[in-house]
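Student: I should like to take a close look at a single part of this protein, namely the sheet and what surrounds it. Could you please guide me through it once the structure is shown?

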Amino acid sequence: MIVYNTTFHIHREILDECLDYLRKVYIPKAASSGILQEPYLRRILSSENEEGESYSVQFHTSDMGSLERWVCDEGRALQQELVERYQDKIVGFSTLLEDIALDE
């Protein structure tokens, strides 16, 4: 199982509106194809500063090939929508995580 994590630092000026957008638009659109599943929105506790706060958006996906298709077919456009909407008030980066069994 692959975890696709994107961390966003959101400027305090747009924080409430942006969180609402992530919940109601961004996450549902990202999950609509079925490639990305089990969405999570989490606040990063150690990130708060006078400029804003950081949040993690996470999804599970079955394999790298499916994730790569999603990024090419849908992900880049969705990211571009977010950047156009909030410009320099939001920055983000993505990381990939792999679940490791604890019992081995």
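Student: To begin, how many salt bridges does the structure hold? After that, please describe the sheet, the helices packed on it and any cavity in detail.

Tutor: The model before you is a predicted one, and five salt bridges are present in it. One of them serves well as an entry to the sheet. In this pair, the side chains of Arg12 and Glu53 meet, with an N to O distance of 3.6 Å. The two partners come from distant parts of the chain, 41 residues apart: Glu53 belongs to strand E3, whereas Arg12 sits in the loop between E1 and H1.

Let us now turn to the sheet itself. Four strands form an open sheet in the order E2-E3-E1-E4, and their pairing is antiparallel. At the edges stand strand E2 (37–43) and strand E4 (90–98), each of which pairs on one side only. Between neighbouring strands of this sheet there is a turn of 15° on average, with direction ignored. As a general matter, the strands of a sheet pair through backbone hydrogen bonds, in either a parallel or an antiparallel manner.

One pairing deserves particular attention. Strand E1, which covers residues 2–11, is joined to E4 by nine bridges, and the two run antiparallel. Within this pairing, Thr6 has Ser94 of E4 standing opposite.

Next come the helices. Helix H1, made of residues 15–31, lies across E1, E2, E4 and strand E3 (52–61), and its course makes about 10° with E3. Helix H2, made of residues 64–86, also packs on the sheet, where it touches E1, E3 and E4; the angle between its direction and that of E1 is about 10°.

Finally, consider the cavity. When the whole structure is searched, one cavity of 30 Å³ or more is found, and the volume of the largest cavity is about 40 Å³. Its lining consists of Tyr4, Thr6, Tyr26, Ala30, Leu36, Val57, Phe59 and Trp70. Thr6, already mentioned for its place opposite Ser94, is thus among the lining residues. E1, H1 and E3 each contribute at least two residues to this lining. Sorted by class, seven lining residues are nonpolar and one is polar, while none is charged.

Key
Residues are numbered from 1 along each chain as its sequence is written. This is a predicted model: local features need pLDDT of at least 70, side-chain atom pairs count only at pLDDT 80 or more; totals for chains, interfaces and linings use all residues. Side-chain values use heavy atoms; hydrogens and water are left out. Two strands pair if DSSP finds at least two bridges between them. Axes are lines fitted to C-alpha atoms, for helices over the stretch in contact, and angles run from 0 to 180 degrees between N-to-C directions. Contact means heavy atoms within 4.5 Å. On a 1 Å grid over the protein atoms alone, a cavity is a set of points where a 1.4 Å probe fits but cannot get out, and a pocket is an open set with protein on both sides within 12 Å along at least five of seven lines; lining residues have an atom within 4 Å of a point. Grid points are joined across faces, edges and corners, and a volume is the space filled by probe spheres set on the points. Ala, Val, Leu, Ile, Met, Phe, Trp, Tyr, Cys and Pro count as nonpolar, Asp, Glu, Lys and Arg as charged, and the others, Gly among them, as polar. A salt bridge is a side-chain nitrogen of Lys or Arg within 4 Å of a carboxyl oxygen of Asp or Glu.
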